[in-house]
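Colleague: I am new to this structure and would like a close look at a single part of it, followed outward to whatever it leads to. Please take your time over the answer.

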Amino acid sequence: MYFSIQAFRNEYALAISIFIFFVWLGFSFLANPLTYIKYLLNKKYILVLIFFGYYFIGGIISGLSFIESIKLILGFLVILSPMLIYDFYSKNNKEKSIVILCISILTIYVFVSVKTIIILHSVPNAARALASGSIHNKQLGALNDLGIGGGYDLTYALCMLVPFLVIFIKNRIIKNVFFKTFIFLFILIGVYTIIKSDYGMGFLLTIISIIYALFILNGKLKRDLLFLFCSLLFFYLISTFFLQTITDLLIDISTLFDNTFIGQRLQELAYGLRGNGFGDSTEYRFQLYEKSLHTFMANLFIGVGHLTQYDYYNGLLFVGGHSEWLDFLGVFGLFGSIPVILFMSLHLLEVLKKFRSTKYQSPILVSYVLFVVIGSINLVFKFGIMVALLLVIPCFPIVVEYLNKKYINRGSKS
């Protein structure tokens with residue numbers, strides 16, 4: 001987990017991650033083989049196998065060897081491995097293992113965030129350069145490939161985790177004082193990391209989500225969904241009648257981030273809302289989205305992945321590389337994309353069903369909504385992001401319940 005979250009772009013990271021995952025897979029199978037038999041009968045994992053079959057056949061058709069096609073599947077398997085790990089521990093009621101695993105991962109995120117902040121103080125554009133591929137981790141000096149999280153991978157994960165955890169603090173769900181303090185520090189470090197990463201949209205989404213969590217959400221799913229709809233309607237009406245005031249406010253806020261990408265994005269958003277154009281960088285991004293969409297429409301069913309051997313950089317000839325969902329549709333077409341959409345949706349429904357009629361549904365749903373929004377404007381199928389989405393977020397309520405019971409029992413004994 002530590003190695004994969006912080007340096008998944010390292011050339012050896014994938015091989016090491018696959019090896020470690022299969023070691024865990026072997027031990028977990030020996031511990032409870034019936035669980036894996038149940039997996040084979042689970043609709044979600046049947047869909048995963050269908051996608052892997054499609055991916056493998058596409059690799060062979062594209063001219064890749066048998067081994068190279070298997071590597072494609074293994075790479076995606078590592079990205080989805082947090083889902084398998086969560087299901088194994090959750091369905092076998094291994095609460096203590098879940099607590100240790102979840103707290104360990106959160107601690108890794110804190111450690112990696114601190115290292116990222118240190119790097120970004122000396123190399124301010126490191127995250128953006130890594131994300132664009134114009135700089136490699138090894139070019140970051142003595143710190144080598146520590147802490148940056150592969151560009152924006154860490155930042156995207158924090159954009160989901162920070163609002164999620166804010167809801168737990170705001171609703172006073174966490175009773176254990178030490179754990180509550182740790183989560184509060186995590187939120188502060190996470191927000192600062194997002195700001196230092198200079199990811200404008202992520203910063204904006206995080207702030208909006210935090211405000212929404214603090215003043216609107218109360219943990220009851222139906223009520224929160226109703227408030228979400230009403231909030232969007234209210235925001236639309238306000239922005240329509242007070243557009244000048246809102247754009248002036250955005251420009252004023254942008255001056256707080258002078259000479260940064262966040263400030264630039266806020267100014268472009270303000271001018272765009274006024275009808276003066278969104279600026280060169282934003283207009284260019286829209287062109288990249290259109291490129292992916294046109295590729296998908298022209299190759300509706302099977303995509304273009306077989307033409308590029310599913311290589312990211314070769315794929316940029318056909319897709320924009322700036323929207324996970326549009327790029328995925330362009331690369332895999334409907335035949336490859338539908339199984340992925342279905343098994344991700346089934347996983348979310350399983351998690352929400354597990355916490356039905358509890359105060360945990362709303363924060364989980366907020367995180368998934370953020371994942372979908374971020375995936376619409378950036379690439380999100382990265383290990384560090386999927387660990388947050390598929391493992392930490394569904395495990396966290398279990399951790400809270402476990403620690404709350406321990407804390408209450410300790411208090412009653414004393």
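In which helix is the place of K180?

Modeller: Before anything else, please keep in mind that this is a predicted model. The place of K180 is in helix α9, which covers residues 177-197. With a relative accessible area of 34%, K180 is partly exposed, and together with R172, K175 and K359 this lysine belongs to a patch of positive charge on the surface.

Another member of that patch, R172, deserves a moment of its own. R172 lies in the loop between α8 (153-170) and α9, and its relative accessible area of 64% makes R172 exposed. The backbone is notable here as well, since phi of R172 is near 55 degrees, a positive value in a residue other than glycine. As background, most residues other than glycine have a negative phi. A second residue with this feature is Q309, whose phi is positive at about 60 degrees although Q309 is not a glycine. Q309 is likewise found in a loop, the one between α15 and α16 (312-315), and with a relative accessible area of 34% Q309 is partly exposed.

Returning to helix α9, we can set K180 beside I187, whose place is also in helix α9. K180 is partly exposed at 34%, whereas I187 is buried, with a relative accessible area of 10%. The C-alpha atom of I187 is separated by 7.2 Å from that of L165, although these two residues are 22 residues apart along the chain.

From the surface patch we may also follow the chain to Q361, which is found in helix α18, a helix of residues 361-377. Q361 counts as buried, because its relative accessibility is 10% and the limit for buried is under 20%. The side chain of Q361 reaches the backbone oxygen of L352 at a distance of 2.8 Å.

Charged side chains elsewhere in the model take part in pairs. In general, side chains of opposite charge can pair when their charged atoms come close. The structure holds two salt bridges. In one of them the side chains of D87 and K44 meet, with 2.7 Å from N to O. This pair links distant parts of the chain, for D87 is in helix α5 (residues 66-91) and K44 is in helix α4 (residues 43-61), 43 residues apart. Both D87 and K44 are buried, and for K44 the relative accessible area is 0%.

K44 also forms a salt bridge with E350, where the closest N and O atoms are 3.0 Å apart. E350 lies in helix α17 (residues 324-354) and K44 in helix α4, so this pair ties together parts that are 306 residues apart in sequence. Unlike the buried K44, E350 counts as partly exposed, at 27% relative accessibility. Salt bridges that share partners thus join K44, D87 and E350 into one network.

The surface also carries a patch of another kind, which may be set beside the positive one. L293, M297, L300, F301, I302 and F335 form a nonpolar patch on the surface, and together they have about 570 Å² of accessible area. One of these residues, I302, is found in the loop between α14 (280-298) and α15 (305-308), and at 42% relative accessibility I302 counts as partly exposed.

Helix α14, on one side of that loop, also holds T295. T295 is buried, with a relative accessible area of 10%, in contrast to the partly exposed I302. The C-alpha atoms of T295 and D327 are separated by 8.7 Å, while the two residues are 32 residues apart along the chain.

To gather the picture around your starting point, K180 is a partly exposed residue in helix α9, and its companions in the positive patch are R172, K175 and K359. In the same helix α9, I187 is buried, and the exposed R172 lies in the loop between α8 and α9.

Terms used
Residues numbered from 1 in each chain as written. Predicted model: local features only at pLDDT ≥ 70, side-chain atom pairs only at ≥ 80, totals over all residues. Heavy atoms only, no water. Helix = DSSP H or I, 4+ residues; strand = E, 2+ residues; numbered from the N terminus. Buried < 20%, exposed > 50% of the residue type's maximum accessible area, 1.4 Å probe, protein only. Polar contact = N/O pair within 3.5 Å; in protein donor to acceptor, adjacent residues only side chain to side chain. Patch = residues over 30% accessible without salt bridge, like charges linked within 9 Å, V, L, I, M, F, W, Y side chains within 5 Å. Areas by Shrake-Rupley, 256 points an atom, 1.4 Å probe, with all protein chains shown as cover. Salt bridge = Lys/Arg side-chain N within 4 Å of Asp/Glu carboxyl O. Lys, Arg positive; Asp, Glu negative; His and termini not counted. Charge placed at Lys NZ, Arg CZ, Asp CG, Glu CD.
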